[in-house]
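Student: Please take a close look at one part of this model for me. I would like the packing around a single loop residue, and then the elements that surround it.

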Amino acid sequence: MSNPLRIPVLVGSVRRGRQSIKVARFAGRRLEEAGADAPLLDLRDFDLPIMEERLHMRDDPPPGLVRFSESVRSADALVVVSPEYNGSMPGVLKNALDYIYGEWNRKPVGIVTVSGGGFGGVQVHNHLQLLFLRLKALPVAGMAVSNVGRSFGDDGEPREPHYEKSFAGFIETLQWYARAVGAAVAREQA
């Protein structure tokens, strides 16, 4: 039997009272139920200072940055859960993404956006999609969560059944791309 896909879930906010953590935990649980290894990558745990230079250009990287880089590099795919702040991504997420580059190459990424309002973070989704393309990642799946405070309970479970169905399709797509890209890279390296 092959190893499970490693698909970490990156939490793109460190804000007090953040609602996106509920959706990230839900995503991680559903990925694990689908057979993936899905650790939570919480930017709070990496304590990344404001970027002065990319990781590969530093001889004094912050310890959290090395762990963050390895977490991305070793992943078969990633899920990024981000709220929308002022029409875009939180600064802490942009800062983290700017630190590394080669780690994203050919990496399938699923983008889950979250908002307290009715639009589900569509503007941040567009920004993240363009950024990941620039990083040579493959944004292959997307999902939006509107009215997150009402849509997800404190236990991280959706209160609206359509999120279960939507996320099942999201996972299926992301896992398909992770396997396809992994197989192509393995053939290329053989």
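Tutor: Contact here means heavy atoms within 4.5 Å. The model is predicted. With that cut-off, start at S88.

S88 sits in the loop that links strand 3 to helix 4. Leaving aside residues up to four places away in sequence, S88 touches P83, V124 and H127. With H127 there is also a polar contact: the two side chains are joined at 2.7 Å.

Now the strand before the loop. Strand 3 covers residues 78-83. Strand 3 pairs with strand 4 (residues 108-114) in the parallel sense, over six bridges. One bridge joins V79 to G110 of strand 4.

Both strands belong to an open sheet of five strands. The order is 2-1-3-4-5, and the pairing is parallel. The edges are strand 2 (40-42) and strand 5 (138-145). Each edge strand has a single partner, so one of its sides has no neighbour in the sheet. On average, and ignoring direction, neighbouring strands are turned by 20° against each other.

Next, the helix that covers part of this sheet. Helix 5 lies across strand 3, strand 4 and strand 5. Against strand 4, helix 5 runs at about 160°.

Then the helix after the loop. Two packed helices are described by the angle between their axes and the distance between the axes. Helix 4 (residues 91-99) packs on helix 5 (residues 122-134) at an angle of about 10°, with the axes 11 Å apart. Angles under 35 degrees count as roughly parallel, so helix 4 is roughly parallel to helix 5. Helix 4 contributes L93, K94 and L97 to the contact. Helix 5 contributes L128, L131 and F132. By class, the residues of this contact are five nonpolar, no polar and one charged.

A second helix pair gives a contrast in geometry. Helix 1 (residues 20-33) and helix 7 (residues 162-189) have axes that come within 11 Å and cross at roughly 60°. Helix 1 and helix 7 are therefore oblique to each other. The crossing of helix 1 past helix 7 is right-handed. On the helix 1 side, the contact is made by F26, A27, R30 and L31. On the helix 7 side, Y163, E164, F167 and I171 take part. Here the division is six nonpolar, no polar and two charged.

Back to the loop, to close. S88 follows strand 3 and precedes helix 4, and its side chain has a polar contact with that of H127.

Technical notes: Residues are numbered from 1 along each chain as its sequence is written. This is a predicted model: local features need pLDDT of at least 70, side-chain atom pairs count only at pLDDT 80 or more; totals for chains, interfaces and linings use all residues. Side-chain values use heavy atoms; hydrogens and water are left out. Axes are lines fitted to C-alpha atoms, for helices over the stretch in contact, and angles run from 0 to 180 degrees between N-to-C directions. Helices (H or I, at least four residues) and strands (E, at least two) are DSSP runs, numbered from the N terminus. Angles under 35 degrees count as roughly parallel, over 145 as roughly antiparallel, 65 to 115 as roughly perpendicular and the rest as oblique. Ala, Val, Leu, Ile, Met, Phe, Trp, Tyr, Cys and Pro count as nonpolar, Asp, Glu, Lys and Arg as charged, and the others, Gly among them, as polar. A crossing is left-handed if the near helix is turned anticlockwise from the far one by less than a right angle, and right-handed if clockwise. Two strands pair if DSSP finds at least two bridges between them. A polar contact is a pair of N or O atoms within 3.5 Å; within protein, one must be able to donate a hydrogen and the other to accept it, and residues adjacent in sequence count only if both atoms are side-chain atoms.
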